[in-house]
Amino acid sequence: MSTIQILFFFLSTLAIFSSIMVLVSKNPVHSVLWLIAVFFAISGHYILLNAQFLAIVNLIVYAGAIMVLFLFVIMLMNLNAATEPRKNWWMKLTGVVSGGCFLMVLVSLVRQATEITGKNVLMKTGDIGLIKNLGKALFSDFVVPFEISSVLFLSAMVGAVVIGKKD
Amino acid sequence: MPIQYYIYFCLTLFSIGIIGVLTRRNAIIVFMCVELMLNAVNLLLVAFSKMHHGAALAANPHTAVGIEGQLFVFFIMVVAAAEVSVGLAIIVMMYRNTHSVDINFLNRLKN
């Protein structure tokens, strides 16, 4: 078993365990902290795939900005385990069963797919994930979507201010 | 690493996100599970991009096949950041009106 495989299984186990802990934590602050652990594990996967730009952006945008926003809102509302709404157990059971059915259908679909048998993912080599190549593609072929996304950010900012202001 | 491992891992993460959306009633946790599902899809996009890049690399060592997948991940992150800002503003407004983040209070549009 090579180092790459050991790292892959370690990061996958860490991500799945942390995402389960996001669900079962009673305290919303603990859920946010476990979700940050999931994002770190996924950034480790990006580094393993040599997608360095996406690894850093994932850490900065998700684990940095978005999760701080979540923590800020949770602490602003003073949520904790005592204010957590209760739910009856058969609703939980129904949710778990339907999610498990979804997983089962998709796994059986992937097992029957013949297009991906024998295909391998290029690990730790390949330079399309470097900032230089991604930046060249972003500012030559994808410059129109890039500018449109700036308009999207402006509209989201205006929308958040309009929704969040006291009326 | 075979692509199947990545597909199974991302499907598991996505299903955990779906289970969270279905079982939790706290609106903020539901929102966090949506982020989890977005991240699973992002990782799968990068894995497929590296798969196609590795297949095309044998024919041409200077190819850039598969770079679109990583750019799509970048745009998904942009859209997710905008979505989170608006969504959290909506949750704060809902908390101000109902003094709760329980999503079962949101059924007033039903009648």
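These are my notebook entries on the two chains, A and B, of a predicted model.

**Entry 1: chain A**

I started with the secondary structure of chain A. I found six helices and zero strands. From the N terminus on, I read the elements as α-α-α-α-α-α.

Next I looked up the dimensions. The C-alpha trace of chain A spans about 50 × 40 × 30 Å along its principal axes. Its radius of gyration is 20 Å, where a compact globule of 167 residues would be near 15 Å.

Then I checked burial and contacts within the chain. Of the 167 residues of chain A, 24% count as buried. I took the contacts between residues at least 6 apart in sequence, and 62% of these join residues at least 24 apart.

**Entry 2: chain B**

I ran the same lookups on chain B. It has three helices and zero strands. The order from the N terminus on is α-α-α.

The C-alpha trace of chain B spans about 60 × 25 × 20 Å along its principal axes. I noted a radius of gyration of 19 Å for chain B, against a value near 13 Å for a compact globule of 111 residues.

Buried residues make up 47% of the 111 residues in chain B. Among its contacts between residues at least 6 apart in sequence, 51% join residues at least 24 apart.

**Entry 3: α1 against α2 in chain B**

How do α1(B) and α2(B) run relative to each other? I looked up the axes. Helix α1 of chain B covers residues 3-23, and its axis comes within 8 Å of that of α2(B). The two axes cross at roughly 165°. An angle over 145 degrees counts as roughly antiparallel, so α1(B) and α2(B) are roughly antiparallel to each other. I also logged the crossing of α1(B) and α2(B) as left-handed.

I then listed the contact residues. On the α1(B) side they include Ile3(B), Tyr6(B), Ile7(B), Cys10(B), Leu13(B) and Phe14(B), with Gly17(B) and Gly20(B) also among them. On the α2(B) side they include Ile29(B), Val30(B), Cys33(B), Met37(B), Ala40(B), Leu44(B) and Met51(B). By class, this contact of α1(B) with α2(B) has 20 nonpolar, two polar and no charged residues.

**Entry 4: the side of chain A that touches chain B**

I moved on to the contact between the chains. I found 68 residues of chain A in contact with 61 residues of chain B. Which elements of chain A give two or more residues to the side that touches chain B? They are α1 (3-24), α2, α3 (52-77), α4 (89-112), α5 (131-140) and α6 (143-164) of chain A. The largest share, eleven residues, comes from α4(A).

I sorted this side of chain A by class. It has 49 nonpolar, 15 polar and four charged residues.

**Entry 5: α2 of chain A against α2 of chain B**

I closed with one helix pair across the chains. Helix α2 of chain A (residues 28-48) packs with helix α2 of chain B (residues 27-57) at an angle of about 5°. Their axes are 11 Å apart. Angles under 35 degrees count as roughly parallel, so α2(A) is roughly parallel to α2(B).

From α2(A) the contact uses Pro28(A), Ser31(A), Leu35(A), Val38(A), Phe39(A), Ile42(A), His45(A) and Tyr46(A). From α2(B) it uses Ile28(B), Ile29(B), Met32(B), Leu36(B), Asn39(B), Leu43(B) and Val46(B). I counted twelve nonpolar, three polar and no charged residues in the contact of α2(A) with α2(B).

I compared this list with Entry 3. Ile29(B), Leu36(B) and Leu43(B) of α2(B) appear in the contact with α2(A) and also in the contact with α1(B).

Definitions and conventions
Residues numbered from 1 in each chain as written. Chains lettered and ligands numbered in written order. Predicted model: local features only at pLDDT ≥ 70, side-chain atom pairs only at ≥ 80, totals over all residues. Axes fitted to C-alpha atoms, helices over the stretch in contact; angles between N-to-C directions. Helix = DSSP H or I, 4+ residues; strand = E, 2+ residues; numbered from the N terminus. Parallel < 35°, antiparallel > 145°, perpendicular 65-115°, else oblique. Contact = placed C-beta atoms within 7 Å. Nonpolar A, V, L, I, M, F, W, Y, C, P; charged D, E, K, R; others polar. Rg over C-alpha atoms; globule rule 2.2 N^0.38 Å. Buried ≥ 20, exposed ≤ 12 C-beta atoms within 10 Å, placed from the backbone. Left-handed = near helix turned anticlockwise from the far one by under 90°.
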